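Trainee: Could you take me through one part of this protein closely, the second largest pocket, and then set that part in the context of the rest of the model?

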Amino acid sequence: MRYASCSATSASERGWGLIAARFLIALLLMAAIAAQRSQACNTIRPNDYLIFSGQDIRYSRSDFQGPSGALGNIELSSFLVNASGFATCSGLVAGQNISFRDGMIQGAGAAAGADFFMQRASVQGTVEYGGRLRRESAHAYQERASLSLDVRNLRAAWQFFLDQSASLSRKQANARARLAPQTLVFSSPLDEAVFDIPSWELARASVLRLSGSSSARFIINVRGPSASITEKAVTLAGGLRPGQIIFNFPEATSLKISASGNAKFGIPATILAPYADVDFTNGLVTGGVYVGNLRGNGQVNAAATDWPPL
């Protein structure tokens, strides 16, 4: 009896030891995976942002195909933020609050300087918040009460876009757009073509035709306090690609974008309007969107912007 009791105790101890060892291995594997993820991602540089608002973003029923940020609040519903392939730690960054409902952030985390609210949402990376976190039927890979480096870098990122707009606005025009009769033609053989047009001319055209080489950069400065890119067909020729075209609205305080472009790219250009309230509905931009305030449901697809040096 004494021998049997001793044997049973040893087997029990061995069983618990095996469970503990497996648990320790699992914890070590999870820590290794977390460390690998943290080493694989980077803080966001200004030109990594696909969308940036100097104030707020309020959007629904659409998706951003790249990292997005705002100095103020971000409210998204029925939404996808796809930051896969950008190697950034955060796909969504707000200086103030984030409210994220019925959506997913793929390939990265999210960071709010203040409160973070998630409802029926999933974040594939780390959620960081400077205030409070509230979740309802939501999941994140990790959660951390801390002020993200991406949040602390927001103002420097916004300054980059302000400086770009001012710098582009000062460039001397070396090419001329032609309106004939409803088609606005931008064509130049130059490596860096700078156009300067009034906003009414852009509004009057029903077709935008841009023609330049595959190595060209087109800078289109649009002057005036308000502007619109609505109900316009857009064509590209000569090898020109979306990342090579920048529409700069340095004076605009309001900008409307809707239902324009072509079937493949929508509006094939970066939109830079740092002082404008932008209403973007029912359309697609292939390029960056950097504005004062942003609301709507338009889609934004990634095309790396060929920024000129400051």
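Mentor: The lining of the second largest pocket is made up of 9 nonpolar, 6 polar and 2 charged residues. The space in this pocket comes to about 250 Å³, and of the 17 residues that line it, those closest to its centre are Asn47, Asp48, Tyr49, Phe86 and Ala304. Rolling a probe the size of a water molecule over the atoms shows where empty space is left.

Please keep in mind that this is a predicted model. The average pLDDT of the protein is 89, and 87% of the residues score at least 70, but over residues 1-9 the pLDDT is below 50, and this stretch has 0 contacts in the model beyond near neighbours in sequence. Residues 26-39 also stay under 50 in pLDDT, although for them the model has 6 contacts beyond four places in sequence. Where pLDDT is low, the predicted coordinates should not be read in detail.

As for the protein around the pocket, it has 4 helices and 23 strands, and 50% of its 310 residues count as buried. Among the contacts in the protein with a separation of 6 or more, 49% are between residues 24 or more positions apart.

One buried position worth following is Phe79, which is placed in strand 4, residues 74-82. Phe79 counts as buried because its relative accessible area is 4%, where the cut-off for buried is under 20%. Leaving aside neighbours within four places in sequence, Phe79 is in contact with residues that include Tyr59, Ser60, Arg61, Phe64, Phe100 and Met104. Phe64 is 15 residues from Phe79 along the chain, and the C-alpha atoms of the two are separated by 8.3 Å.

Among the strands there is also an open sheet of 4 strands, in the order 11-12-14-17 and with mixed pairing. Its edge strands, each pairing on one side only, are strand 11 (178-179) and strand 17 (233-237). Strand 12 (residues 183-187) and strand 14 (residues 207-211) run parallel and are joined by 5 bridges, with Thr183 standing opposite Val207 in strand 14.

The loops offer a contrast to the buried position above. Most residues other than glycine have a negative phi, and most peptide bonds are trans. Glu231, however, has a positive phi of about 50° although it is not a glycine, and its place is in the loop between strand 16 (226-230) and strand 17. Glu231 counts as exposed because its relative accessibility is 58%, the cut-off being over 50%. Ser137, likewise not a glycine, has a positive phi near 50° and lies in the loop between strand 9 (133-136) and strand 10 (139-145); with a relative accessibility of 67%, Ser137 counts as exposed.

A further loop residue, Asn282, lies between strand 20 (270-281) and strand 21 (284-286), and with a relative accessible area of 56% Asn282 is exposed. Not counting residues up to four places away in sequence, Asn282 nevertheless touches Ser258, Ala259, Asn297 and Gly298. Ser260 is 22 residues from Asn282 along the chain, and their C-alpha atoms are separated by 8.7 Å.

Notes: Residues are numbered from 1 along each chain as its sequence is written. This is a predicted model: local features need pLDDT of at least 70, side-chain atom pairs count only at pLDDT 80 or more; totals for chains, interfaces and linings use all residues. Side-chain values use heavy atoms; hydrogens and water are left out. Two strands pair if DSSP finds at least two bridges between them. Helices (H or I, at least four residues) and strands (E, at least two) are DSSP runs, numbered from the N terminus. On a 1 Å grid over the protein atoms alone, a cavity is a set of points where a 1.4 Å probe fits but cannot get out, and a pocket is an open set with protein on both sides within 12 Å along at least five of seven lines; lining residues have an atom within 4 Å of a point. Grid points are joined across faces, edges and corners, and a volume is the space filled by probe spheres set on the points. Ala, Val, Leu, Ile, Met, Phe, Trp, Tyr, Cys and Pro count as nonpolar, Asp, Glu, Lys and Arg as charged, and the others, Gly among them, as polar. Buried means under 20% relative accessible area, exposed over 50%, partly exposed in between (1.4 Å probe, protein chains only). pLDDT is the predictor's confidence in each residue, from 0 to 100. Contact means heavy atoms within 4.5 Å.
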